[in-house]
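Me: Please take a close look at one part of this model, and then work outwards from it in a single connected account. I would like each term to come with its cut-offs where it is used.

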Amino acid sequence: MVITESAWLSLTEQAAAGAPYEVCSVLAGYRPCRHQAARAIVNLAMINISDTPRHRFAVAPDDQLSVWETIDRTGLHPLAICHSHPDAAPTPSDEDIEFHDPSLVMVISGLDVESTDRAMTCRGWLIKGGIAYPEPLIIDHRISRSSEIFDDHDMA
Ligand SMILES: [Zn+2]
């Protein structure tokens, strides 16, 4: 999946700002023909209402509905459900896999285990039959249209 730089920055800044709690969001964008990679242009943040937000995430139905309405209104497609692992690698837990919608990519921001200074990184996953397969995330540094579409809506 391709992610525009602005959506990528929003995703990584949201995860950093939310630590030590998990954050969650939806990446939305375009889903072209099957020969082209989906292209995420905006990160739509949701509030983590879990009772144990350091280790889990949960979204209020109203919040989720509002994000889905925003996606509908702009003619985009939901592409990925994102959450963060402030203290762990960006690999899905059994629970992450169990409750994930397999029609969407799973994106996790987590600790880069190869880094010595607790840097964060993101990984994409496709969930099929209860197994997580790596989905490459490609950052597109060209200017995206997301700032035009979402001019009046604070996504951070
Ligand atoms: Zn998780």
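Reply: Valine 26 stands opposite isoleucine 81 in S4, strands here being DSSP runs of E of at least two residues and helices runs of H or I of at least four, both numbered from the N terminus. The model is a predicted one, in which local features need pLDDT of at least 70 and side-chain atom pairs count only at pLDDT 80 or more, while totals for chains, interfaces and linings use all residues. Residues are numbered from 1 along each chain as its sequence is written.

S2 and S4 run antiparallel and are joined by 6 bridges, where two strands are said to pair if DSSP finds at least two bridges between them. S4 also pairs with S5, in the parallel sense and again over 6 bridges, and here serine 84 has serine 109 of S5 opposite it. S4 is mostly covered, with 8 of its 9 residues buried (20 or more other C-beta atoms within 10 Å of the residue's own, against 12 or fewer for exposed and partly exposed in between, with C-beta atoms placed from the backbone).

The wider setting is an open sheet of 8 strands with mixed pairing, in the order S7-S6-S5-S4-S2-S3-S1-S8. Its edge strands are S7 and S8 (138–140), each of which pairs on one side only, and neighbouring strands are turned by 40 degrees against each other on average, direction ignored. At the S8 end, S1 (residues 2–4) pairs with S8 in the parallel sense over 3 bridges, threonine 4 having aspartate 140 in S8 as its bridge partner. H1 packs on this sheet, touching S1, S2, S3, S4, S5, S6 and S8, and its direction makes about 25 degrees with that of S3; H2 (residues 61–73) also packs on the sheet, touching S2, S3 and S4, with a direction at about 150 degrees to that of S3. Contact here requires C-beta atoms, placed from the backbone, within 7 Å, and the axes are lines fitted to C-alpha atoms, for helices over the stretch in contact, with angles running from 0 to 180 degrees between N-to-C directions.

At the other end, S6 and S7 run antiparallel with 5 bridges between them, and tryptophan 125 stands opposite proline 134 in S7. The two strands form a hairpin with 2 residues between them, and glycine 129 in the turn has a positive phi of about 55 degrees. Of the 5 residues of S7 (residues 131–135) the number buried is 0, so this strand lies largely in the open.

The largest nonpolar core (buried Ala, Val, Leu, Ile, Met, Phe, Trp, Tyr and Cys residues joined through C-beta atoms within 7 Å) has 29 residues, and Ala7, Leu27, Ala28, Ala40, Ala80, Met106 and Val107 touch the most other members. Two or more residues each come from H1 (5–18), S2 (24–30), S3 (39–46), S4 (77–85), S5 (105–111) and S6 (120–128), and S3 gives the most, with 6 residues. Leaving aside residues up to four places away in sequence, valine 107 touches Leu27, Ala80, Cys82, Cys122, Gly124 and Leu137.

For the protein chain as a whole, the pattern along the sequence is β-α-β-β-α-β-α-β-β-β-β-α, and 33% of the 156 residues count as buried.

Definitions and conventions
Contact = placed C-beta atoms within 7 Å.
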